[in-house]
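Welcome, and please open your viewer. We will walk through the model stop by stop, selecting a few residues at a time.

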Amino acid sequence: MASRRARVALTAAAAVLSLSAYGTAKWVGLLAPVIIVTPPPTVSVAPALATPADCSVLVDDIFCTGFDPIPTVMPGTTPAALGPPSTVAFNGLGLIADTLSHAPRHVVPTRWAPPPAALASPTMPSIPQVGVLGRRDALIVYVPAVQGAADYRAYMVDSSVTFAGTQPRGATVACAGFRQRYVRNIDALQSNNPLVSAVHHRELLQAIEVPGLVANGPYTIVVEALASPCPFPGVMAHTNATIPLTTVDASSSGGDHFSFRSFADIRAMYGNEILNGQGSTLADYKNVNAAHEAPAELIGQPVPPNDAVMPADPQVIARSTLRVSRPAGDEAVNAPIFDIGPNAVFDDFGSDAVMTSFHTETRSEGAGLVSGGQFGDWYFWTIAVQPALDAMSNWENGNNPKGVQVWRRHGRLYSTFGDWAQDVLGAVYFASTRTQPQELDATKYVHSFFRIDSGATPRRYWHWMMCGGATRDELVDPSTHVPRGRPVAQPFFYAPDGRNPTAPMLGEPLTPYHDKECLSLVQIGGYWNWGPPPNAGPTWYDEPHSQLHAFISPAGVENGIINLKPAGIDDYDPDATGGMFWRLDADRHPTSPMFEPFDQQAPLTHFDIFTRHDRVVLYINGRQAWCGDLSERPLAMHYGLIAYGNVLYHSSAETSAAYTGVESYQGAVGGSFHYIMNTPWSDTRIWDAVGQSEKIDIPSQFTFDAGACFKPKSTAVQ
């Protein structure tokens with residue numbers, strides 16, 4: 001059979017531009033280009049080398065606080081002064097520059113473009129030292145720390161964008177936002193306090209992901225440093241909806257409901273579509289309520305468009321205009337097209353659409369307790385999402401629910417939902433209907449990949465799973481490829497005695513679709529306060545805030561898991577019953593946090609999972625993060641159904657846990673600012689570049705270290 005070819009994202013590191021804009025590139029291996037910059041004759045530029053003390057412990061960074069080499073300033077402009085961010089305490093929190101600022105090896109200096117006519121005069125200071133990275137429909141813009149900045153934003157200028165003075169209209173505006181740290185905040189880290197402690201600051205990120213480069217060709221991008229944070233315009237949705245709050249204190253919510261806001265309404269109200277706006281209505285995040293478990297002010301409230309502190313049209317203090325192109329100049333080298341065979345799918349979600357096919361499902365259909373339906377090349381199903389309110393103030397019932405919303409936009413897939421009664425584990429999953437379940441092999445791999453906003457807490461996180469059996473037909477309908485038994489997470493499914501994702505529920509009789517063997521990987525927020533790894537530098541701020549849980553739910557077992565965590569990980573978990581906070585080298589020494597600094601709202605994080613009977617390998621942004629040696633207990637499935645999903649569980653309790661860190665602490669400590677202030681009772685996930693294939697080798701663009709593959713401490717069912 002003739003092989004089908006698809007474009008696959010092999011690494012998160014890539015250049016968007018032709019390197020000829022700045023000089024030539026000498027390629028030293030596929031992952032390490034050395035860019036030799038030839039500056040214009042009138043400009044003399046010397047490289048600024050970062051020292052080890054400036055950098056994080058991650059090995060894929062070539063700089064942390066500076067660029068090497070430094071690109072030129074936008075012609076005809078004066079560069080903005082670089083330095084610390086704004087001294088204004090927005091939301092009662094001071095700002096510091098991101099302590100984990102980084103850029104991949106493939107980032108390249110930008111190519112400047114003439115500004116749009118509306119922005120050409122008067123000339124304002126420009127942002128120097130801008131670098132870019134991109135793949136297909138996503139562009140990441142890296143900026144230095146501009147003195148006095150409170151946020152950064154970037155937007156594409158095309159024929160649909162107009163200007164009101166110097167403010168864009170009809171644009172999709174992407175913002176940088178702030179680093180999220182789950183329990184221990186940056187104040188505790190900088191003070192070397194081993195415990196939770198009061199929060200006073202948050203870190204301003206210096207990377208902006210601009211979506212929507214869905215067609216080949218040149219693009220004009222405006223990037224700006226702002227005097228105020230981008231405002232939170234409301235929970236992202238395709239359709240306005242209201243969900244009831246049945247277990248939330250009115251002192252936090254202001255009532256008994258919580259609203260989703262459509263992207264059309266946001267454009268109409270704010271003039272632009274604002275992505276990743278994290279500025280909140282709270283005057284002082286640190287001021288606690290009477291119970292000492294939440295901010296004293298209302299949370300989950302959109303910032304009005306004309307807000308005086310964080311207006312939708314912010315004051316711009318520096319601006320540069322970039323010219324980028326799709327496809328990226330280095331894409332053929334760093335993300336080549338390679339043969340992935342006939343049973344494969346790759347989706348960049350390039351066409352806009354809204355899912356309207358959700359319908360009520362019963363347990364006899366196999367899956368979610370609420371709804372399911374086809375959307376594009378994927379079948380979606382849910383469990384325990386919060387129904388919205390209809391016009392008569394009753395909970396919605398029947399098909400096409402608004403309490404869970406799925407749509408494609410900007411070349412990405414979005415999902416938004418709330419958990420039932422803010423108390424029951426809710427989740428949304430999807431699986432490919434273009435492909436059949438993937439065939440596992442003894443030497444070749446099943447490859448699954450996706451990009452996602454990877455911020456996590458113990459109650460909201462992404463979930464990847466592969467549930468399988470002896471035949472394909474027992475997993476999916478042979479004609480439609482719709483999953484027969486649609487696996488879902490249940491409370492504490494990742495812990496000892498965790499329930500199999502395919503186990504029967506609600507007293508239903510056991511069927512052939514139940515109790516399958518399932519391999520699961522999840523990123524769950526966690527609390528770490530035992531200090532840095534041995535090789536960390538003196539300014540180590542990479543503390544883990546989330547952990548990897550990797551485990552097998554054995555076939556024929558309703559409750560119980562095989563935790564794939566190895567022994568000797570040195571994280572005060574001698575029974576190896578929890579998750580993995582650390583990446584390990586071949587000597588079992590922790591080298592860096594498993595996810596940090598990539599447990600974040602934006603830019604999206606790229607995950608690759610390679611699976612065969614005796615091995616599972618996880619890559620994060622193109623670097624090996626974990627490898628599980630399953631040789632003592634190989635996967636028994638011959639075919640595996642891969643499902644992608646995200647979980648929101650007991651959100652009414654999450655604010656207290658994320659805000660105070662520990663129940664007895666009477667003050668604000670947690671750094672999950674965006675979740676607590678803006679989206680406490682719903683979760684929005686953004687997916688991109690999702691796909692899978694079977695019977696392939698780990699491509700040469702990935703560095704694979706078999707010596708860092710470890711057996712689980714125990715293969716016993718816990």
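Which residue in E17 does Val235 stand opposite? Select Val235 and look across to E17: the residue standing opposite is Phe260. Keep in mind throughout the tour that this is a predicted model.

**Stop 1: a three-stranded sheet**

Now widen your selection to strand E15 (235-237) and strand E16 (241-244), the edge strands, each of which pairs on one side only. Add strand E17, and you have an open sheet in the order E15-E17-E16, with mixed pairing. On average, neighbouring strands here are turned by 35 degrees against each other, direction ignored. Between E15 and E17 (residues 257-262) you can look for three bridges; these two strands run parallel.

Next, select residues 263-270. This is helix H3, which lies across E15 and E17 and runs at about 80 degrees to E17. While you are here, pick Phe263 and Arg409: the charged end of Arg409 sits over the ring of Phe263, 3.8 Å from its centre.

**Stop 2: a ring pair from E17**

Stay with E17 and show the side chain of Phe258, then that of Trp681. How many degrees lie between the planes of Phe258 and Trp681? The angle is 90 degrees, and the centres are 5.2 Å apart, so this aromatic pair is edge-to-face. Trace the chain between the two and you will see that the pair links distant parts: Phe258 is in strand E17, while Trp681 is in the loop between helix H6 (673-677) and E41, 423 residues apart. Are these two rings buried or exposed? Phe258 has a relative accessible area of 3% and Trp681 has 2%, both under the 20% cut-off, so both count as buried.

**Stop 3: another pair, and a cluster**

Select Trp378 and Tyr644. They also form an edge-to-face aromatic pair, 6.1 Å centre to centre with 85 degrees between the planes. Trp378 belongs to strand E25 (residues 378-383) and Tyr644 to strand E40 (residues 639-648), so the pair ties together parts that are 266 residues apart in sequence. Trp378 is buried, at 1% relative accessible area, and Tyr644 is buried too, at 0%.

Then show the cluster that ring pairs build from Phe375, Trp378, Phe380, Phe430, Phe450, Trp462, Phe595, Phe607, Tyr644 and Trp687. At one of these rings, Phe375, add Arg408: it lies over the face of the ring, 4.8 Å from the centre.

**Stop 4: strand E30**

Phe450 takes us to strand E30, residues 445-452, where eight of eight residues are buried. Colour Tyr445, His447, Phe449 and Arg451 for one side, and Val446, Ser448, Phe450 and Ile452 for the other; both faces are covered. Which strands pair with E30? Strand E41 (residues 683-696) pairs with E30 in the antiparallel sense over six bridges, and His447 has Ser693 as its bridge partner there. Strand E37 (residues 605-612) also runs antiparallel to E30, joined by seven bridges, with His606 as the partner of Arg451.

**Stop 5: the nonpolar cores**

In soluble globular proteins, nonpolar side chains tend to be buried together. The largest nonpolar core here has 55 residues, and Phe380, Phe450, Trp464, Leu521, Trp626 and Tyr644 touch the most other members. Zoom in on Leu521, whose contacts include Trp462, Trp464, Leu548, Ile609 and Trp626. For a last selection, try Val141, Val143, Tyr152 and Ala225, which are among the 35 residues of a second, separate core.

Key. Residues are numbered from 1 along each chain as its sequence is written. This is a predicted model: local features need pLDDT of at least 70, side-chain atom pairs count only at pLDDT 80 or more; totals for chains, interfaces and linings use all residues. Side-chain values use heavy atoms; hydrogens and water are left out. Two strands pair if DSSP finds at least two bridges between them. Helices (H or I, at least four residues) and strands (E, at least two) are DSSP runs, numbered from the N terminus. Axes are lines fitted to C-alpha atoms, for helices over the stretch in contact, and angles run from 0 to 180 degrees between N-to-C directions. Contact means heavy atoms within 4.5 Å. A nonpolar core is a set of buried Ala, Val, Leu, Ile, Met, Phe, Trp, Tyr and Cys residues joined through side-chain atoms within 4.5 Å. Buried means under 20% relative accessible area, exposed over 50%, partly exposed in between (1.4 Å probe, protein chains only). Rings of Phe, Tyr and Trp (its six-membered ring) pair if their centres lie within 6.5 Å; planes under 30 degrees apart count as stacked, over 60 as edge-to-face and the rest as tilted. A charge sits over a ring if NZ of Lys or CZ of Arg is within 6 Å of the ring centre and within 35 degrees of the ring normal. Lists of a residue's contacts leave out its neighbours within four places in sequence.
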